[in-house]
Amino acid sequence: MDLTFSPEEAEFRDELRQWLADNHPGDEPRGDDDSIFEFRRNWQRSLYEGGWAAVQWPQEYGGRDATLMQSAIFFEEIGRTRAPLPANVLGLLLAGPTIMTWGTTEQKERYLTPILSAEEIWCQGFSEPEAGSDLAAVKTVAERDGDQWVVTGQKVWTSGAQYSKWCMLVARTDREASKHKGLSYFLMDMEQPGVQVRPLVQITGEAEFNELFIEQATIPHENMLGGEGDGWNVALTTLMNERSGLGFFLQIRMRQLLDQVVERAVENGKIDDPVIAERIGEIEARTEITRLIAYRGLSTIEKYGQPGPEGSLTKWLWSETNQMLVQLAAEVVGPEALSADTAWSYELLRARGNTLEGGTTEILKNIIAERVLGLPRK
Ligand SMILES: Cc1cc2nc3c(=O)[nH]c(=O)nc-3n(C[C@H](O)[C@H](O)[C@H](O)COP(=O)(O)OP(=O)(O)OC[C@H]3O[C@@H](n4cnc5c(N)ncnc54)[C@H](O)[C@@H]3O)c2cc1C
């Protein structure tokens, strides 16, 4: 990909820089989950009103039809100004692209704009107590009853479910069919008595994810995404977007954090320690490689309309590098990073989940071996 800016691209960057200078919300507050969520939601609303919530989305749904290069500029500027995350990350990166790929015209018209404006928040109801890496083993069952489906089962690790209006739900619709073929994908309304959300408190002290107890919840047939039995393929679209999209997004956060660590190391003189300097150098190189691989993933999306299995590489590299970075941060920053309720200790603890969420490193390595490198299946 050619990284030289044309006059139009330079104009796009200048417009964005000006907008960010005028609208940047400042640092994220520390404190309870609800106020952080509200802060992120307000930030996403402001991005949406400015036309910046998802530049690569079609204009008719509130995006800008951005080119690959404009998308790259957008993410660079977001990183450079240390802008916070928007509230509806799973909607923007997972639900939106999956609906764009598989949805009917009516579904696209109904769901895409409220995702962008953060009016309707989304969560991902894939994992179950006995179906994590092996997603095709889900036991949650949906049974047809006239024009609707009745769903019963349990999901777990459902991030953001407590704020969500909609859930991307994978459920078994045919118990006779083979494991992968008996699944369907639904857009489930969370606001109904059959859906109970129970928070799970993490090592960070926040309850980012939840258990979902689903007891005779109902879903109109028109809320099925793809056809009956297409659930596995639709879920793969979501997962490929999760690995490339989330990896892409999070490598920007990693760059922000690395810059902060370097600033601290310069301030407190630890940069002069050759061991620290060498580790910073290694993480710097890995961060840059992650960025470039993530950009290559954007080219794949432009060429084929959706991300490929290479996105697994971005996610793997990001998760391991981020864990190396927070360890280093703890040594550079010192006791503050080990004290409860500091931003640094939060980063240190939260990073433990990076090599699990969105696919564990072992699973990603299998995908890269089989689907990217073409090695034989074991
Ligand atoms: C912070 C966080 C947020 C999450 N948010 C969500 C969410 O919003 N929605 C959602 O649905 N899920 C979510 N998850 C769940 C996540 O997707 C699962 O944790 C993940 O898929 C692994 O599943 P599991 O935990 O059941 O582990 P298991 O699948 O039981 O795996 C246990 C161990 O066995 C290894 N293993 C399993 N199978 C193989 C294999 N074939 N080859 C080699 N090794 C293997 C794994 O790598 C792992 O080390 C979240 C997880 C975290 C940590």
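Strand 1 (122-125) and helix 10 (361-372) are a good place to start, since each supplies at least two residues of the shell around the ligand. Please keep in mind that you are looking at a predicted model.

**Around the ligand**

Which helix gives the most to this shell? Helix 10 does, with three residues. The shell also draws on two domains: at least three residues come from domain 2 (122-229), and at least three from domain 3 (233-372). There are 18 residues around the ligand, and those that come nearest are Phe126, Gly132, Ser133, Ser159 and Thr360. Sorted by class, the shell holds six nonpolar residues, ten polar ones and two charged ones.

**The domains**

Now step back to the whole protein, which is divided into three domains, listed here with their residue ranges.

| Domain | Residues |
|---|---|
| Domain 1 | 7-116 |
| Domain 2 | 122-229 |
| Domain 3 | 233-372 |

How far apart do the C-alpha centres of domain 1 and domain 2 lie? The distance is 26 Å. In the contact of these two domains, 14 residues belong to domain 1 and twelve residues to domain 2. Look at the side of domain 1 that touches domain 2: helix 2 (33-49), helix 4 (89-102) and helix 5 (105-116) each supply at least two residues there. Helix 4 gives the most to this side of domain 1, with seven residues. By class, the side of domain 1 that touches domain 2 has eight nonpolar residues, five polar ones and one charged one.

**Two helices that cross**

Next, find helix 3 (residues 68-80) and helix 7 (residues 274-304). Their axes come within 10 Å and cross at roughly 145°, and the crossing is right-handed. Which residues make the contact? Helix 3 brings Leu68, Ser71 and Ala72, while helix 7 brings Tyr295, Leu298, Ser299 and Glu302. In this contact of helix 3 with helix 7, four residues are nonpolar, two are polar and one is charged.

**Following helix 6**

Finally, trace helix 6 (residues 231-267), which has 37 residues. From its first C-alpha to its last, helix 6 reaches 52 Å, close to the 54 Å expected at 1.5 Å a residue. What sign does phi take at Gly269, just after helix 6? Gly269 has a positive phi of about 80°.

Notes
Residues numbered from 1 in each chain as written. Predicted model: local features only at pLDDT ≥ 70, side-chain atom pairs only at ≥ 80, totals over all residues. Near = placed C-beta within 6 Å. Helix = DSSP H or I, 4+ residues; strand = E, 2+ residues; numbered from the N terminus. Nonpolar A, V, L, I, M, F, W, Y, C, P; charged D, E, K, R; others polar. Domains from an automatic or database assignment. Axes fitted to C-alpha atoms, helices over the stretch in contact; angles between N-to-C directions. Left-handed = near helix turned anticlockwise from the far one by under 90°. Contact = placed C-beta atoms within 7 Å. Expected span 1.5 Å × (residues − 1).
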